[in-house]
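Hi,

Here is the structure I promised to pass on. Have a look at it first, and then read on for my notes.

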Amino acid sequence: MKRFLHTAALWALLLLGAALPARAAESAVSQTEPTLCLTQQITCGEDGTYTLTLQAWAEAGTKTAPGPDTRLRYTLAPEYTMTDDTDVQVYAVDKTHSGWGQVKLDLSGLQLTTDAATGTLTVTGFDYTTNAVSEKPRLDGQGRTTFGRRLVVRLSGLKPDYAATFGGCGVRAGTGGLYTAEDGDTQPVCLASFPAAAADIPLRCTYAPADQTQTAEQEVNFGYMINPPGGNAGNIPDGKNNAWCTVRYTVSDDTGPVAEYTVPAAAAMSGGSWTLWPSRTYHAPGRYTVTVTLCAVYEPAGTSAPQGSARRLVLQTDALAEKKAS
């Protein structure tokens with residue numbers, strides 16, 4: 001009986017010893033996965049310009065948080081543009097026992113490159129491992145107490161690019177994230193992406209319907225007024241500039257609306273349809289009022305509306321239809 005108990009105990013110890021390395025390895029694997037935190041926010045100021053703030057840091061306790069070669073790479077959406085007045089700041093902020101500090105730290109080694117033409121920026125030189133954020137204080141390389149730091153990139157003075165958009169509500173700011181260092185043999189790997197952020201851009205477009213001259217037998221061509229074959233009608237929906245709004249053209253005479261053409265959001269002019277077909281043939285020359293109505297298709301992103309309307313814009317102009325002299 002004693003021999004049986006002794007043998008059973010030995011087997012139990014052997015099984016326990018075999019299980020321990022597996023559990024330890026399993027625990028080690030879970031600790032090597034970095035916890036990267038990225039945020040972005042875009043706000044509209046009273047002057048009608050936008051400020052984009054990007055923040056990135058790593059949580060402490062990870063063994064493989066990225067080093068200073070890691071690239072923060074970001075590309076603005078085409079609806080926003082950097083100008084000569086755009087100010088780009090790159091700095092770090094200390095974590096404190098009660099939150100985040102207010103002092104902007106100009107760390108040595110931070111490198112920023114921007115390309116205003118493409119709306120891209122890249123930041124390197126921030127060591128996410130050394131600056132890992134923790135709720136518990138620790139000593140840094142100089143023996144000072146630290147809770148870690150986060151990287152901040154702030155672009156102020158961004159403007160809507162009305163060559164690329166009519167505006168609207170909930171217009172996305174852009175995309176980007178943290179990437180491994182560039183290597184000539186391999187493509188950079190995305191380690192973490194910025195969550196989506198959006199703002200509202202006041203609706204705006206220019207429109208000048210075309211006049212037309214017709215013979216006695218010809219009827220008034222409302223389609224020519226709205227979108228003349230030779231262009232010169234102003235900003236015409238192309239599927240990109242109206243990505244955030246519908247565009248409706250209403251032609252009226254003295255009796256009221258006689259024709260209406262509606263282009264859905266993200267559709268080109270050719271993708272629209274006559275939502276009010278002319279009820280009769282119009283031969284009489286005269287001036288026709290053309291009303292262009294832009295309506296946002298998404299809910300506002302900001303708590304306060306930017307200057308101008310980002311939800312609905314109404315433009316009114318006119319076009320002349322005349323007969324050729326006999």
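Let me start in the middle of things: Val-290 has Thr-317 as its bridge partner in strand 21. The two strands involved are strand 20 (residues 286-296) and strand 21 (residues 312-323), which run antiparallel and are joined by 10 bridges. Strands here are DSSP runs of E with at least two residues, helices are runs of H or I with at least four, and both are numbered from the N terminus. Two strands count as paired if DSSP finds at least two bridges between them.

Before going further, a word on what you are looking at. This is a predicted model, so local features need pLDDT of at least 70 and side-chain atom pairs count only at pLDDT 80 or more, while totals for chains, interfaces and linings use all residues. Residues are numbered from 1 along each chain as its sequence is written, and side-chain values use heavy atoms, with hydrogens and water left out.

Back to the sheets. Strands 20 and 21 belong to an open sheet of six strands with mixed pairing, in the order 16-21-20-17-18-19. Strand 16 (212-214) and strand 19 (273-276) are at its edges with a single partner strand each, so each has one side without a neighbour in the sheet. On average, neighbouring strands of this sheet are turned by 25° against each other, direction ignored; the axes behind such angles are lines fitted to C-alpha atoms, for helices over the stretch in contact, and angles run from 0 to 180 degrees between N-to-C directions.

There is also an open sheet of five strands, with antiparallel pairing and the order 7-8-3-13-14. Its edges are strand 7 and strand 14 (190-193), each with a single partner strand, so one side of each lacks a neighbour in the sheet. The twist from one strand to the next averages 20°.

Within that sheet, strand 8 (residues 120-124) is a good place to zoom in. Four of its five residues are buried, where buried means under 20% relative accessible area, exposed over 50% and partly exposed in between (1.4 Å probe, protein chains only). Strand 8 pairs with strand 7 (residues 111-115) over five bridges, and with strand 3 (residues 71-76) over four. Leu-121 stands opposite Thr-114 and is also the bridge partner of Tyr-74. In the hairpin of strands 7 and 8, with four residues between the strands, Gly-119 takes a positive phi near 70°. Strand 3 is joined to strand 13 (residues 174-179) by six bridges, with Leu-72 partnered by Leu-178.

Now the rings. Phe, Tyr and Trp rings (six-membered ring for Trp) pair if their centres lie within 6.5 Å; planes under 30 degrees apart are stacked, over 60 edge-to-face, and the rest tilted. That gives 10 aromatic pairs. One of them is Tyr-74 with Phe-194, edge-to-face at 5.9 Å centre to centre and 80° between the planes. Tyr-74 lies in strand 3 and Phe-194 in the loop between strand 14 and strand 15 (198-201), so this pair ties together parts 120 residues apart in sequence. Tyr-74 is buried at 1% relative accessible area, and Phe-194 is buried at 9%.

Finally, Arg-150: its charged end sits over the ring of Trp-100, 3.9 Å from the centre, and Arg-150 also lies over the face of Trp-57, at 5.7 Å. The rule is NZ of Lys or CZ of Arg within 6 Å of the ring centre and within 35 degrees of the ring normal.

Cheers
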